[in-house]
Amino acid sequence: MTSELAGKVALVTGAARGVGAATVAWLRSRGARVLATDIRPEAEQLAGDGVAVLVGDVSEEDVALRSAAAAIERFGGLDILVANAGRSVNKAITETTAADWDEVMSVNARGAFLHAREAFRVMRDNGGGAIVTVGSFASTVGLAEAAAYSASKGALAQLTKVLALEGAPHGIRANVVAPGVIETDLLDTFRADSRAYLRSFGDAHPLGRVAQPEEIAEVIGFLASPRSAFVTGAVVAADGGYTAA
Ligand SMILES: NC(=O)c1ccc[n+]([C@@H]2O[C@H](COP(=O)([O-])OP(=O)(O)OC[C@H]3O[C@@H](n4cnc5c(N)ncnc54)[C@H](O)[C@@H]3O)[C@@H](O)[C@H]2O)c1
């Protein structure tokens, strides 16, 4: 544990597992206090020393408002937002329903927008902060059989660039982490073997494997910390070279 982020307060969405849980651990290990939110009640297990939990759906405006308020009430501020909550529907375009589209866009794009807006308001009034959104390689390249997901992650990248432009005069930085495939349970609503399935994409990455959540948390943490003080508006690939070709 270091004290690099001592005194800083972070809000991490989608924190119950995967990249979100790894990010909470990374931020805590540097001394930040964290409000961890997720739609899954299992998130409550994270509550403890320096971590408070709020269970709710990121796409609901009220949840974004309550999350920002809870960070201030519990820990006295909000310096870092990691808009990580996400979901995917992996279907051919002809099989993708309007409900699939709305669900993915509402979590990945609307949810990030609502939380970023609330965090921005607090950060603007308190002298600045860092917003990190968790995009995807699908923020920059199209992913077949993931139309809604690709559209949502492209939207997230553009949202983040606007946050960077509007935030700069207020000391607010905003960046996107764009991971390649990560070994998590992201697709578990589609497939019982979601981890094995995701691992099978290893060869598509020049580094020959998929990422572990902790490797993505390192990049998120860098962008959330003052170490990246001159980085804003960037889409930072953490994709094992997937988009280098
Ligand atoms: N796993 C991958 O291959 C991969 C690749 C690139 C980007 N990503 C992105 O990384 C981020 C984290 O995904 P992960 O791989 O850790 O998956 P995950 O499913 O393990 O974690 C996502 C978390 O978001 C939460 N969540 C989903 N919908 C929510 C909602 N409406 N409100 C609140 N919380 C909600 C889930 O409950 C879950 O805890 C996502 O934005 C995802 O799109 C993942």
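## Around the ligand

Of the 28 residues around the ligand, which come nearest? They are Gly-14, Gly-18, Gly-86, Thr-184 and Leu-186. Bear in mind that this is a predicted model.

Sorted by class, the shell around the ligand splits into 13 nonpolar, nine polar and six charged residues. Helix H1, residues 18-29, supplies the largest share of that shell, with three residues.

## Arg-17 and the loop before H1

Just ahead of H1 in the sequence there's a loop that follows strand S1 (9-13), and Arg-17 sits in it. Is Arg-17 buried or partly exposed? It has 19 C-beta neighbours inside 10 Å, and being buried takes 20 or more, so Arg-17 counts as partly exposed.

If you want a distance to check in your viewer, try Arg-17 to Leu-65: the two are 48 residues apart in sequence, and their C-alpha atoms are 23 Å apart in space.

## Helix H4

Helix H4 covers residues 147-167, which makes 21 residues. At 1.5 Å a residue it should span 30 Å, and its end C-alpha atoms are indeed 30 Å apart, so the expected and modelled spans agree.

A good number of H4 residues are buried. At the start of the helix these include Ala-147, Ala-148, Tyr-149 and Ser-150, followed by Ser-152 and Lys-153. Further along come Leu-156, Ala-157, Leu-159, Thr-160 and Leu-163, with Gly-167 rounding off the list. What packs over them? The cover includes helix H3 (98-125) along with three strands: S5 (129-134), S6 (172-179) and S7 (235-238).

## The chain as a whole

Zooming out, the protein chain has six helices and seven strands, and along the sequence they run β-α-β-β-α-β-α-β-α-β-α-α-β. The radius of gyration is 17 Å, close to the 18 Å that the globule rule gives for 245 residues, so the chain is as compact as a globular protein of that length. Its C-alpha atoms fill a box of roughly 45 × 35 × 35 Å along the principal axes.

As for the interior, 49% of the 245 residues are buried. Take the contacts between residues at least 6 apart in sequence, and 68% of them join residues at least 24 apart.

## What the record says

An unreviewed UniProt entry lists residues 8-184 as "domain: Ketoreductase". In the model, that stretch is 43% helix and 19% strand, and its end C-alpha atoms lie 28 Å apart.

Definitions and conventions: Residues are numbered from 1 along each chain as its sequence is written. This is a predicted model: local features need pLDDT of at least 70, side-chain atom pairs count only at pLDDT 80 or more; totals for chains, interfaces and linings use all residues. UniProt positions are given in the numbering used here, feature names are shortened, and annotations may be inferred rather than shown by experiment. Helices (H or I, at least four residues) and strands (E, at least two) are DSSP runs, numbered from the N terminus. A residue is near a molecule or strand if its C-beta atom, placed from the backbone, lies within 6 Å of it. Ala, Val, Leu, Ile, Met, Phe, Trp, Tyr, Cys and Pro count as nonpolar, Asp, Glu, Lys and Arg as charged, and the others, Gly among them, as polar. A residue is buried if 20 or more other C-beta atoms lie within 10 Å of its own, exposed if 12 or fewer, and partly exposed in between; C-beta atoms are placed from the backbone. The expected span of a helix is 1.5 Å times one less than its number of residues. Two residues are in contact if their C-beta atoms, placed from the backbone, lie within 7 Å. The radius of gyration is taken over C-alpha atoms; the globule rule is 2.2 Å times the number of residues to the power 0.38.
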